[in-house]
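This report introduces a structure to a reader who has not met it before. Please look over the sequence and the model shown here before reading on.

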Amino acid sequence: MSTIYFTKEHEWVKVNASTAVCGISDHAAHELGDVTFVELPAVGKQVKQNEVLAAIESVKAASDIYAPVSGKVVKVNSELEDAPEKVNESAEDAAWMVELELADAAELSALMTKDQYDEYLKSL
Amino acid sequence: MSEHNLQVTPLNEQHRALGALMAPFGGWDMPIQYEGIIAEHRWCRQQAALFDICHMGEFLFKGDLVAAGLENLFTFSVTAIPVGRSKYGFLLNEQGGIIDDLIVFRMADDQVMIVVNAATAPNDFNVIQSRLSGGTFTDITAQTAKLDLQGPKSREVLVDLLGGWVAEIPYFRFVQQTVLGAPAMVSRTGYTGELGYEIFLPAEKVVELWNTLLVDPRVKPAGLGARDVLRLEVGYSLYGSDIDATTTPLEADLGMFVHMDKQFVGKQALLQQQGQQLKKVRVAFKVSSRRTPRHGFAIFDNEQQIGEVTSGVFSPMLGCGIGLGYVEPAYAAPGTALTIRQDRSVMEAAVCSTPFYTEGSVRR
C-alpha cells in the first residue's frame, strides 16, 4: 500500500518502499485547463528535490513541474506525450508522469499528507 | 482598468449561472470558458457555438455619406458597398498605423453601422466623429446586443428558429428582420472560419434569444478562449495583439483590405511605405511540436533575434502549436525556419501560409 504526499507547488508523490511515482494534483490540472503538452525527463536522469522535473503546457499557461523528492528517473509515462489530455481526465492516477528511485525517505517529512493538502487548498 | 470599472453585458448573470470562468477583456467582464476551451472549440467546428459578443462597439451614421466625409474615413469605399452588404477594413492614423479593424454594414443609402473592437471603441468614436462633418453619428453600443452563432449547424438552427430567409443570406451580406418581435439584423459574418451568423438586436431582447438558442441541442455556449483558438486557426488578426496603432496594414500583410485607388487618412504614409523596404512584416508559422508559442516570445534565426510572436495557441485541428508574429522581411518566405525562445523553452517553427486550418465551413 502506497502513501500519497503533496507539495505546495501541487505535485503529488506516491511512495511504496523505494519507489516514488509523481504527477500533478487534480487541483493543478483543473487550474491549468486543457493540457496540450507534457515534457518528461530522460530515464536515468538524477534529480534533486524541488528541482525542475518536467514541464507542462495548457491552453492557458506553461509551467514547470518540480521533483517532490530526490532520486533517479526509472520510468516515464510516455503516453502523455501523445495524449496530454489524460492529465485532465486522471491527474492523480492514470496520468502519473515520472517514477523515481527514492534517494532519501527523510525528504518526505517536508511534504503534506492528503488531509494537509486539502486544508492547504482551502487556504488559497 | 481595475476590476471595479469593468462593464458587464446583459448576459453576465447567464454566464455565471452556467459556471463560466470570467475575466476582464477590453474593459469588460467576459466569459473565457464554460465546459473547456478545447471542447467548445470542437463544438464550434462540428455543431454550433453561441458567443456573447455584446462587448463590441456599434456606431450608427445617418446622413449624406459623401458630404459628411465618411468616404475618406476607412481603407475601403463605403459608398461602393451595396445596401445589405458589409465590408472589413481599417481606420488608420496619419502614420498609416491601425487605429482599429472594423466592419461597415450598409443599412441604407444614407445609413451605415460600424462595428468595432471593445477596447478601442471609445477612441474610435472620438476619432471618427472628429473626421466627420455633418450627418448624425451615434454610439449605440449600450442599446445594441450582439450574439454570434458559429458552426456548420448554425444555418439549420437559425432557419428552424427564425425562418427560411436565413438560408438565403450569402457571405458578408445581412438582412434586417424581426427577431423575437424586435427589429434585428442577421449578418453572415464571423470570426471562426465556420459558417456562421452575427445577430444584432436590442439589448433588452438578448437574454431571451440567448436562452432560446441554448434550448436547441445543436447549440452550446462558447467563451473567448475558444474564440481565440478558432480565429487563429484561420489566421485572423486580433487587434491589440497582432495589429495596433504602431503597425500598418502593409506590415500586417493585410494590404488586400486597403484600396489605394481612393482617399483615406494614412494613405500618404502607406504610399511612402510601399516604396521602401518594410522594417517588419507579419508572418504565420507552425511549430514542429505540441508546444504553444505565446504573445511576446522571441523569434530567432540561430543566435540572432529577428522578431517576436504576437499570437499563439495549440491548434486542436492541426495538433501542433501555431502563431502569428513579426519578423524582418528577409525571413518572411513560406518554409523559412524560425526558432522561438522563451526562458527554457525552445521551439522549432516554419513560416507558412494562412489559413492554418482550411476545412472550415465558412463559405458553405
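The following sections describe strand pairing in two chains and the placement of a helix.

## Basis of the report

The structure is a predicted model. As general background, the strands of a sheet pair through backbone hydrogen bonds, in either a parallel or an antiparallel arrangement.

## Strand pairing in chain A

Strand β9 of chain A, residues 98-102, pairs with strand β3 of chain A, residues 19-24, in the antiparallel sense over 4 bridges. Within this pairing, A:C22 stands opposite A:V98 of β9(A).

Strand β9(A) is also joined to strand β8 of chain A, residues 71-76, by 5 bridges, and these two strands run antiparallel. Here A:G71 has A:L102 of β9(A) as its bridge partner.

## The open sheet of chain B

In chain B, 5 strands form an open sheet with antiparallel pairing, in the order β5-β6-β7-β4-β8. Its edge strands are β5 (86-92) and β8 (136-139) of chain B, each of which pairs on one side only. On average, neighbouring strands of this sheet are turned by 25 degrees against each other, direction ignored.

Strand β5(B) runs antiparallel to strand β6 of chain B, residues 98-108, and 7 bridges join them. In this pair, B:I98 of β6(B) is the bridge partner of B:L92.

## The helix across the sheet

Helix α3 of chain B, residues 121-131, lies across β4 (57-62), β5, β6, β7 (111-116) and β8 of chain B. The helix α3 of chain B runs at about 20 degrees to β4(B).

Technical notes: Residues are numbered from 1 along each chain as its sequence is written. Chains are lettered from A and ligands numbered from 1 in the order in which they are written. This is a predicted model: local features need pLDDT of at least 70, side-chain atom pairs count only at pLDDT 80 or more; totals for chains, interfaces and linings use all residues. Two strands pair if DSSP finds at least two bridges between them. Axes are lines fitted to C-alpha atoms, for helices over the stretch in contact, and angles run from 0 to 180 degrees between N-to-C directions. Two residues are in contact if their C-beta atoms, placed from the backbone, lie within 7 Å.
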